[in-house]
Structures are given as C-alpha cells and as structure tokens.
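I opened the model with a few plain things to look up, and I write down below what I found for each. The order follows my own path through the chains.

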Amino acid sequence: MKADPHGVLTGTHFIDGDHACCEGALAAGARFAAGYPITPSTEIVERFAARVPTVGGCFIQMEDELAASIALQGGVWGGAKAFTVTSGPGFSLMMEHIGYAAMTETPCVFVDVQRGGPSTGLPTLPAQADMMQARWGSHGDYEIIALCPNSPQECFDLTIKAFNLAEEFRVPVMFMMDEVVGHMTEKVVIPPADEIEVVPRKHTHKSIEDYLPYGTNGDLVPEMAHAGEGYKFHVTGLTHDERGYPNMTPQTQDKLVRRLQNKIRNAADRICLFEEERLDDADVVVVSYGITSRVAQRGIDAARDRGLKVGKLRLITAWPFPEKKIAEVAAHVKAFVVPELNLGQMVNEVKRAADGKARAYAVSHAGGGVHNPDEILNAIVEASRC
Amino acid sequence: MLNVLNDETVNPVEPFLRSDRMPHIWCPGCGIGTTVNSFARALIDSKIDLESLALVSGIGCTGRVAGYVKLDSFHTTHGRAIPFATGLKLANPKLNVVVYSGDGDLSAIGGNHLIHAARRNIDLKVICVNNLIYAMTGGQTAPTTPGHATTSTNPYGTFEPAFNLPHLVEAAGAVYVARWTTFHVRQLARSISEVFQKKGFSFIEVISPCPTLYQRRNKMGDGLDTMKYYKEKSKVKNGAPTSEVGLTLNGEIAVGKFVDRDRPDYQSMMRAQYVESLGDRYLGDEVETECVCG
C-alpha cells in the first residue's frame with residue numbers, strides 16, 4: 001500500500017540522520033513511540049514528539065529503556081506501528097524485550113544510534129560495536145533483521161524499509177545507525193506519499209472461530225490480530241503452540257524456535273541488501289557498513305589510483321548476514337578487508353562465510369572517531385600482496 | 001452467555017475462562033483462583049464489554065492469570081506488565097486495560113513502573129495479588145514479606161522492612177486504592193466493578209495465601225486455616241490513612257477502600273495540552289486502522 005500522506009513531509013530537506021530517521025518512521029506509518037533519553041539518539045524522538053500530534057498518534061517518554069522497549073510492543077498489539085530509539089547502554093537494557101518481540105512475533109523497530117562502549121563509554125562519539133549484540137544480545141535462539149544506513153538519506157529510506165520488513169516477517173528489526181550518521185547533516189529528499197511503498201500489517205481476515213494466533217499456512221509468518229477486535233487471543237513469551245497457549249514440550253519448542261529462525265533464514269536472499277562495485281575483476285574486496293563505508297570509499301579510490309584491483313561490498317543488511325554473497329565473492333578474490341569501528345565483529349562473519357577460500361583482514365578501530373582512510377588503504381595494499 | 005448465567009448447572013464464571021487450558025497450575029489452597037473468580041463476577045456485575053477488555057500480566061504465579069481468562073490477554077516479561085499495558089492503552093484508548101500480577105512482579109522488579117504509571121495516572125486497573133513472597137520460584141523474600149517471616153532466602157527470618165503498597169501507590173498518585181483478602185470475595189468483586197467506573201490509575205491489593213511456601217514455612221496452616229486467619233485478623237477500615245495500613249507477620253490486616261479520588265488521567269491531560277498548544281493542528285491520538293492494516 002502507499003504511505004499515509006499525513007506522515008510524509010514531502011520535499012527536499014537539509015537535516016541530520018536522526019531527524020531523517022524520524023521522518024522515515026512517520027512515512028512508514030509509525031504513530032506510536034516510547035523512548036528514554038540517551039545521546040546520540042534522542043533527537044529522533046524529540047522530533048517525533050513534536051510531529052506526531054499533528055499526524056495522529058502519540059509519544060510517551062517512559063521511566064527507563066526497559067519500559068520503553070515493552071511499551072512500544074503494547075502499542076503494536078493495540079494496533080499501531082511503533083518503535084523506540086536508543087544507544088549502547090539503553091540497547092543493553094532492551095535486550096530482554098528484543099527476545100520478547102522475537103518470541104511473540106511483534107513487528108517493531110529498535111533504532112540504535114551506536115556510540116563508543118563498553119558501559120557508558122563515549123556518549124557523544126561513534127562506534128559500531130553493537131553489531132553482535134544486535135544479533136545475539138537476548139537469550140535463546142532467534143533471528144532478527146538489522147539494517148545499517150550510511151547517510152541521512154538512507155536513514156529516511158531504510159527506516160521505511162525497516163518497518164516494512166518488521167511487518168512482513170513479524171520480527172523486531174534493528175536499525176543500526178552510528179553517531180556520525182545520526183548527527184551528519186545532508187540533503188534528504190522525501191518523495192510524495194504515493195511514491196512510498198508501505199507494507200501493511202499482516203492482519204488476519206479469518207473469523208474469530210477460525211483464527212489460530214500462531215497458526216501458519218506454509219509461509220511461516222502467522223496472521224496477527226489486535227486487542228479489542230473480539231479474537232480473545234493469548235500472547236506469551238513462554239514456548240507456545242499455534243493457539244498461543246503455553247506448552248512446555250521439547251516438540252513444541254523445536255517447532256516454534258525453528259520456525260522463528262526459518263522465517264528469516266529462508267528469506268535471506270530477499271532481505272539481504274548490499275551495494276557492490278567492481279567485484280568482477282577484484283583481487284581484494286572491502287566489506288564495510290554504516291559510516292565506515294564512506295571512509296572506506298576514499299581508501300578504495302586511492303588504491304585504484306595505484307592500479308590495485310579493489311572491489312567494494314557495502315552491507316546494507318547486516319543481519320541476516322549475507323553469507324551467500326560473501327561465499328560467491330570469496331570464490332574469486334584473494335582477500336577481504338573489513339574496516340569496522342569495533343575490535344573485530346562482522347569480520348568474523350566474513351571469515352566464516354568465506355570458509356577459507358579468501359582471507360579476511362580486520363581494520364579495527366575502538367571507536368570515538370572514524371578511520372583514517374590511509375589505514376584502509378594500507379590494509380588493501382597488504383591484502384593485495386598475499 | 002445470558003442463558004449460561006441463568007443455568008444453575010453451569011458455573012457462571014466458566015464463560016470467562018479458557019476451559020481448554022484447565023487444570024491450572026496453582027496449588028491446592030492457593031488464593032489466585034479465588035481472585036479470578038471475583039474478577040469474573042465483577043465482569044458479570046459491571047456488564048463491561050468483554051471485547052473492549054484486555055488483561056496484561058507479568059511473570060510469576062499470578063502472571064499466569066492472563067493465560068486462563070478468555071480475553072485478549074498478554075503474558076509479558078517479569079515486571080513489565082504495566083509499561084506494556086501503558087503502550088496498549090495509549091495506542092488504543094478505547095480499551096479497558098487490566099493489569100493482573102503479583103507483588104514481586106509489580107513492586108520489586110516492576111516497582112519503578114508501578115510508581116510512574118500512578119504518577120502519570122494512566123487509566124489502568126491494577127489487581128495485585130499479594131502472597132507476601134516469590135512463590136513461583138520457591139518462596140523467596142519479596143519487598144512485601146513482613147518482618148520476621150521465614151522464607152527460603154531468609155531462613156532465619158526476614159529483617160528488611162516491607163513495602164506498604166497502598167501507601168506507596170497513593171503517594172505516587174493512584175486515584176483508587178483498596179485492599180481485600182481472598183476471604184473477602186464479594187467485597188473484592190465489588191471493588192473490581194468500581195474500578196471499571198473510574199478513570200485513572202486504580203490499584204487493588206488482594207492478600208492471598210501461598211500454603212505451599214509461605215503458610216507452611218511460617219507454620220500458619222493450610223488454605224482453610226488461612227481463611228479463618230484472614231477472617232479473624234481483618235478489619236474493614238474504609239478511608240483509613242494508608243500510612244497506617246502496613247502489614248505485620250501476625251497483626252491486624254486493614255482492608256477496605258482507602259482512596260477514591262479524581263484527577264485527570266494521562267490521556268486527558270495530553271489531549272488538553274495538545275489542543276491548547278496546537279489548536280486545529282492537533283490530529284488526536286487515535287491510530288487509524290487503514291494506516292496500519294491497509
């Protein structure tokens with residue numbers, strides 16, 4: 001369906017990534033947000049708090065991130081598209097509710113504007129060190145989707161994508177920004193509402209008698225109902241059967257947890273977005289995401305000026321990890337260079353997917369700034385010699 | 001449903017329960033089922049539209065109530081029933097939202113949410129079944145455990161002061177505060193009916209036995225003995241200052257309606273503020289279904 005024009009601020013804007021993310025959420029149909037202030041993410045909900053009363057909906061500032069991350073899910077079951085925004089320490093507090101959203105199949109978006117950690121770390125400075133936490137932070141086996149924008153324009157475009165994926169798969173989507181992308185001001189073009197595709201909630205059309213809250217018909221994503229519609233359904237974080245009733249058997253656990261994984265894994269080809277350049281004749285491919293991809297571009301350009309055969313693979317989807325793409329590329333390149341604002345997270349995924357067919361060089365940075373492009377150039381030069 | 005209500009061979013609360021989930025997990029002599037019975041009778045008495053009613057629980061023995069009532073029901077995470085319910089109510093203001101959970105869930109791990117929801121005066125009806133301990137996990141000390149009671153984590157007797165929940169929620173801003181025991185099934189049903197008429201944060205504490213873990217360890221007998229104990233120790237004190245209704249191990253149990261007052265609820269205040277500031281630009285807080293579902 002097309003976006004609700006009330007939420008779409010059509011035009012050309014000069015805004016930062018945080019504000020663009022808010023506009024993306026409004027364009028995607030988000031009409032409820034619950035948040036707790038934390039640098040460098042707060043501008044997103046500050047803008048939402050100002051905008052949403054004029055669009056129809058509401059924002060509430062909760063007492064902590066635990067509350068924000070579950071209030072938004074109450075909002076979803078009440079019939080809204082909803083999200084919350086945070087950064088490192090708040091993201092840590094939200095982990096239990098990411099698991100709850102995965103288990104109860106609550107479509108929602110968690111925005112994490114990453115800053116340096118661990119602990120309070122560097123509140124105002126960038127990092128990309130929550131990438132593994134986004135994937136594995138809650139207990140148990142589950143799958144999520146994570147997207148990584150590298151510009152304010154993508155903060156707008158991909159926030160809409162994040163909501164759309166959340167609705168299509170009934171899964172919490174992690175929107176993994178970083179402080180630089182969040183606070184960088186650039187041109188953002190917001191198209192007319194009728195040019196924005198929005199995925200509607202997978203709401204059931206079944207009668208109350210026929211509705212099975214967690215029944216699936218082969219596509220692995222159950223149909224949803226909202227509170228107040230007469231379905232009298234039950235939602236629990238306990239292992240549950242198709243009726244949504246708790247069921248403590250290994251068989252029910254196996255069926256449920258595998259379905260929660262497979263609904264994402266089976267669709268990975270569709271979910272995995274990336275930007276590629278000159279992979280055909282490359283000896284070395286730089287794999288990057290978020291702000292680091294823009295710094296890496298300079299290193300790549302400098303390497304090409306020196307005649308090195310360097311390709312670029314920018315991960316837009318971080319999770320599910322595009323392992324098929326990495327495996328394909330690994331078959332005909334010597335090495336990957338993986339710069340990240342962490343001490344080595346996604347590089348290990350690249351190594352896993354490359355499965356020994358190509359080396360992977362980490363270009364690590366503990367956060368607090370971005371790489372010097374020369375570090376990436378040097379890594380490319382070294383990798384080319386291997 | 002009316003036919004069922006007039007049929008004396010059918011338990012009148014059965015239509016409100018998920019019979020296909022019986023038997024329930026609660027122990028013999030546990031008071032939680034008794035409170036659910038009073039809750040169902042309050043639904044009958046208040047003639048509330050069941051489709052508009054959603055019930056939210058946290059984790060623990062009382063947290064299981066959500067699974068047994070035939071309503072839109074949410075069994076959330078430990079301590080977070082109130083913030084989930086807050087989101088539910090804000091996204092759909094037409095819902096009547098009941099939070100049904102235990103003392104540990106609501107006042108320990110969820111204590112911060114309890115006071116802030118009361119402060120904001122979110123229109124929630126909170127039923128707190130207080131069995132004075134953590135029961136599901138084996139009888140550990142709770143913030144409500146009276147001094148000198150024996151628990152699995154205070155085997156020599158508790159020594160930390162307990163919360164007086166009515167006093168806490170009144171101070172935080174609740175508009176309705178009552179306490180009953182599971183002996184007072186009719187009074188409890190009446191209080192629950194009353195809170196469906198209130199707008200704002202309402203709190204009903206129900207003192208309830210855990211014969212398996214609390215009464216046994218404290219040599220207070222079984223479920224029936226506890227009913228006699230509640231009958232003997234309870235004193236109806238409607239309007240009593242909540243500062244004076246704290247519980248002790250063997251002392252009086254003050255019951256009754258302590259607080260019944262009115263102040264604007266969160267959503268009324270929010271709308272008033274937006275209307276004042278934005279005028280016609282304010283589009284309201286109700287989410288349009290077409291915007292979400294197409």
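**Domains of chain B**

I looked first at how chain B is divided, and the domain assignment gives domain 1 (2-262) and domain 2 (264-294), the bounds coming from an automatic or database domain assignment. I note that this is a predicted model, in which local features need pLDDT of at least 70 and side-chain atom pairs count only at pLDDT 80 or more, while totals for chains, interfaces and linings use all residues. Residues are numbered from 1 along each chain as its sequence is written, and chains are lettered from A and ligands numbered from 1 in the order in which they are written.

I then looked up the centres of domain 1 and domain 2 of chain B, taken over C-alpha atoms, and they are 32 Å apart. In contact across this boundary (C-beta atoms, placed from the backbone, within 7 Å) are eight residues of domain 1 of chain B and seven residues of domain 2 of chain B.

**Chain A as a whole**

For chain A I counted 14 helices and 16 strands, where helices (H or I, at least four residues) and strands (E, at least two) are DSSP runs, numbered from the N terminus. The radius of gyration of chain A, taken over C-alpha atoms, is 21 Å, close to the 21 Å that the globule rule gives for 386 residues, so chain A is as compact as a globular protein of that length; the rule is 2.2 Å times the number of residues to the power 0.38. I also noted that the C-alpha atoms of chain A fill a box of roughly 70 × 50 × 40 Å, taken along the principal axes.

How much of chain A is buried? I found that buried residues make up 59% of its 386 residues, a residue being buried if 20 or more other C-beta atoms lie within 10 Å of its own, exposed if 12 or fewer, and partly exposed in between.

**Where chains A and B meet**

Next I looked between the chains, where 49 residues of chain A are in contact with 45 residues of chain B. Helix α3 of chain A gives the most to the side of chain A that touches chain B, with nine residues. I also found that β10 of chain A pairs in the parallel sense with strand β2 (residues 72-75) of chain B over three bridges, pairing requiring at least two bridges found by DSSP. In β2 of chain B, B:Ser73 stands opposite A:His234.

Notes. Contact = placed C-beta atoms within 7 Å.
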